[in-house]
Amino acid sequence: MSFLNYTSTRNPSINISAAEAIIKGISAEGGLFVPTEIPKLKKSDFLALSEKSYNSRAYDVLKLFLDFSETELQNCVTNAYGKNFAASDIVEIVKLGSGAYMLELWHGPTAAFKDMALQILPHMLTTSLKKFGVDGKTLILVATSGDTGKAALDGFKDINGINIAVFYPEDGVSDMQKLQMATQEGANVHVFAVKGNFDDCQNGVKAVFTNSEIIAKAAENNIFFSSANSINWGRLCPQIVYYISAYSDMLGQGQIAKDEEINICVPTGNFGNILAAYYAKEMGVPVKKLICASNTNNILTDFINTGIYDRNRKFYTTVSPSMDILISSNLERLLYHLSPESINQWFTDLREKGRFEVDETVKNTLHNWFYAGWCNEDDTKRTIKEVFDTYDYLIDPHTAVGYKVSEDYRRKTGDKSATIIASTANPYKFGTAVYEALTGNDNPDTPMNEFALITELERISANACPETLTAIMNKPIRFKEVFDKSEIPQAVLKIL
């Protein structure tokens, strides 16, 4: 049986297996691993998938990308998706209005869509390590704008032979996200608050992978590096599954006809979640338009609309912090598929000048495949309230950005196609912003702590907060230190 191989976006001579790509996380020269081809599904495959459970769909999709045996992959899927998810079939789809379908991806243990990948990645990584006979230890390095950190910590805690270090911007996550990480249990976990923004954390972590001193120290101690960010193919690949699953559900339930096109709208900052939707489209999901939704940090909106990626701009801290990003790492994978010969020059320009511009052919392809829009702070909160008042449905700020941009697209184009909107987090993860949106009170006389706010929000909305979040109330704070971004290498060396 032949398996799909992987190459690097910046070095086409590389040709490795999926397991090796998962272990390494990022290529030695800084490129990202991508499949040498994208597998295809037929219309009959989607009809067959529509009759299966989420776990069965995950197996059927992932086997196309991974060099795992049937037993290995079944074990990964079974261990990842079970009673740790509150939804009976892992994800849920809720229809709002005439054409919006909310794809709830936040029923996992940390109440965010990152659980969809980070509950299975540890099993995929340990399987890959065994396949290569790796007998040393592995250090997982993670930069997070909020949700990835907690989901990765939860997925990798107390796994034998693995340590995990998470770096997050001190003032760039919600109070609940910070509490989730600061109270994390596990003997093998390390959490670092960083003075700076997510891009500072991401750049610092990526630099570690090519730091000669750190590489030598790791080799001396027989420690391998890997990543749980979506720069790791093992993190990105499972995200493809839920778009294929959602389409299969809608097809099986008669929400759409067999040949009917759909739109997929994704609130995104690092471009990973919408890139997974792109792969689903390339595999055969009939996607009319991929709708890329940004917050005030609208660098992706500008890029898709103009072909110019320019990070020389003001950075904003917003109520949708997981999207507060100016360097969207996974965009490199998309651009590689569109123009592999240009990648090195574009990203050299980005590193040296802070900007690059793609050619007309790529610009035209982007315009054909994508619609890009953004949502400011006021509109984000207004959307949360409008959706709640209209549908009695509570959404978090990131999902609100997606909903607002999808509605803008519908009004602008007249396109009435069914639209899957990625709902990325439980609203209680961003309770302050949701409370302010519903009450209009963004400057209370007596500020409430996170748990008093939860009680009040439950009263107002009649929506219960997940137990996984309320349980944090009684957990001690384990990680309190704050580091400068320049200290990331020293923090890693200390762990080594």
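A cavity is a set of grid points where a 1.4 Å probe fits but cannot get out. The legends below describe close-up views of a predicted model.

**Figure 1. The second largest cavity.** The second largest cavity holds a volume of about 30 Å³. Its lining is made up of Ala143, Gln202, Val205, Lys206, Asn229 and Ile231. Helix α9, residues 198–208, gives the largest share of this lining, with three residues. Sorted by class, the lining contains three nonpolar, two polar and one charged residues.

**Figure 2. The largest cavity.** Rolling a probe the size of a water molecule over the atoms shows where empty space is left. With a lower limit of 30 Å³, the model has two cavities. The largest cavity encloses about 240 Å³ of space. It is lined by 24 residues, and Phe113, Lys114, Gly269, Asn270 and Ser322 are the closest to its centre. Three elements each give two or more residues to the lining: α7 (147–156), α11 (233–252) and α12 (272–283). What classes of residue line the largest cavity? There are 14 polar residues, seven nonpolar and three charged.

**Figure 3. The salt bridge between lysine 429 and aspartate 147.** Side chains of opposite charge can pair when their charged atoms come close. In the whole structure, 27 salt bridges are found. In one of them, lysine 429 pairs with aspartate 147, and the closest N and O atoms are 2.7 Å apart. Lysine 429 sits in the loop between β15 (419–423) and α19 (431–439), while aspartate 147 belongs to helix α7, so this pair ties together parts that lie 282 residues apart in sequence. Are these two residues buried or exposed? Both lysine 429 and aspartate 147 are buried.

**Figure 4. Salt bridges of lysine 281 and lysine 288.** Lysine 281 and glutamate 282 form a salt bridge through their side chains, with an N to O distance of 3.4 Å. Lysine 281 counts as buried because its relative accessibility is 16%, and buried means under 20%. A further salt bridge joins lysine 288 to aspartate 415, where the closest N and O atoms are 3.4 Å apart. Lysine 288 is in strand β11 (residues 287–294) and aspartate 415 is in the loop between α18 (397–413) and β15, so the pair connects parts 127 residues apart in sequence. Lysine 288 has a relative accessibility of 37% and therefore counts as partly exposed. Aspartate 415, at 6% relative accessibility, counts as buried. Elsewhere, Asp379, Arg382, Lys404, Asp408 and Arg411 are joined into one network by salt bridges that share partners.

**Figure 5. The nonpolar cores and tyrosine 243.** In soluble globular proteins, nonpolar side chains tend to be buried together. The largest nonpolar core of this model comprises 111 residues, and Phe65, Tyr243, Ile244 and Leu335 have the most contacts inside it. Helix α11 supplies the largest share of this core, twelve residues. Which residues are in contact with tyrosine 243, leaving aside neighbours within four places in sequence? They are Leu103, Ile264, Val266, Asn273, Ala276, Ala277, Ala280 and Ala422. Another core lies apart from the largest one; it has 37 residues, including Cys265, Met323, Val405 and Tyr435.

**Figure 6. The surroundings of leucine 105.** Leucine 105 is located in the loop between β5 (100–104) and α5 (115–118). Its relative accessibility is 0%, so leucine 105 counts as buried. Not counting residues up to four places away in sequence, leucine 105 touches Val91, Ala112, Phe113, Met116, Tyr242, Ala422 and Ser423. Methionine 283 is 178 residues from leucine 105 along the chain, and the C-alpha atoms of the two are separated by 21 Å.

**Figure 7. Asparagine 197 and aspartate 199.** Asparagine 197 is placed in the loop between β8 (189–195) and α9. With 17% relative accessibility, asparagine 197 counts as buried. Apart from neighbours within four places in sequence, asparagine 197 is in contact with Pro169 and Phe315. Aspartate 199 is in helix α9. Aspartate 199 is buried too, because its relative accessible area is 6%. When residues up to four places away in sequence are not counted, aspartate 199 touches Phe315, Ile325, Leu326 and Ile327. The C-alpha atoms of aspartate 199 and serine 328 are separated by 8.8 Å, although these residues are 129 residues apart along the chain.

Note on methods
Residues are numbered from 1 along each chain as its sequence is written. This is a predicted model: local features need pLDDT of at least 70, side-chain atom pairs count only at pLDDT 80 or more; totals for chains, interfaces and linings use all residues. Side-chain values use heavy atoms; hydrogens and water are left out. On a 1 Å grid over the protein atoms alone, a cavity is a set of points where a 1.4 Å probe fits but cannot get out, and a pocket is an open set with protein on both sides within 12 Å along at least five of seven lines; lining residues have an atom within 4 Å of a point. Grid points are joined across faces, edges and corners, and a volume is the space filled by probe spheres set on the points. Helices (H or I, at least four residues) and strands (E, at least two) are DSSP runs, numbered from the N terminus. Ala, Val, Leu, Ile, Met, Phe, Trp, Tyr, Cys and Pro count as nonpolar, Asp, Glu, Lys and Arg as charged, and the others, Gly among them, as polar. A salt bridge is a side-chain nitrogen of Lys or Arg within 4 Å of a carboxyl oxygen of Asp or Glu. Buried means under 20% relative accessible area, exposed over 50%, partly exposed in between (1.4 Å probe, protein chains only). A nonpolar core is a set of buried Ala, Val, Leu, Ile, Met, Phe, Trp, Tyr and Cys residues joined through side-chain atoms within 4.5 Å. Contact means heavy atoms within 4.5 Å.
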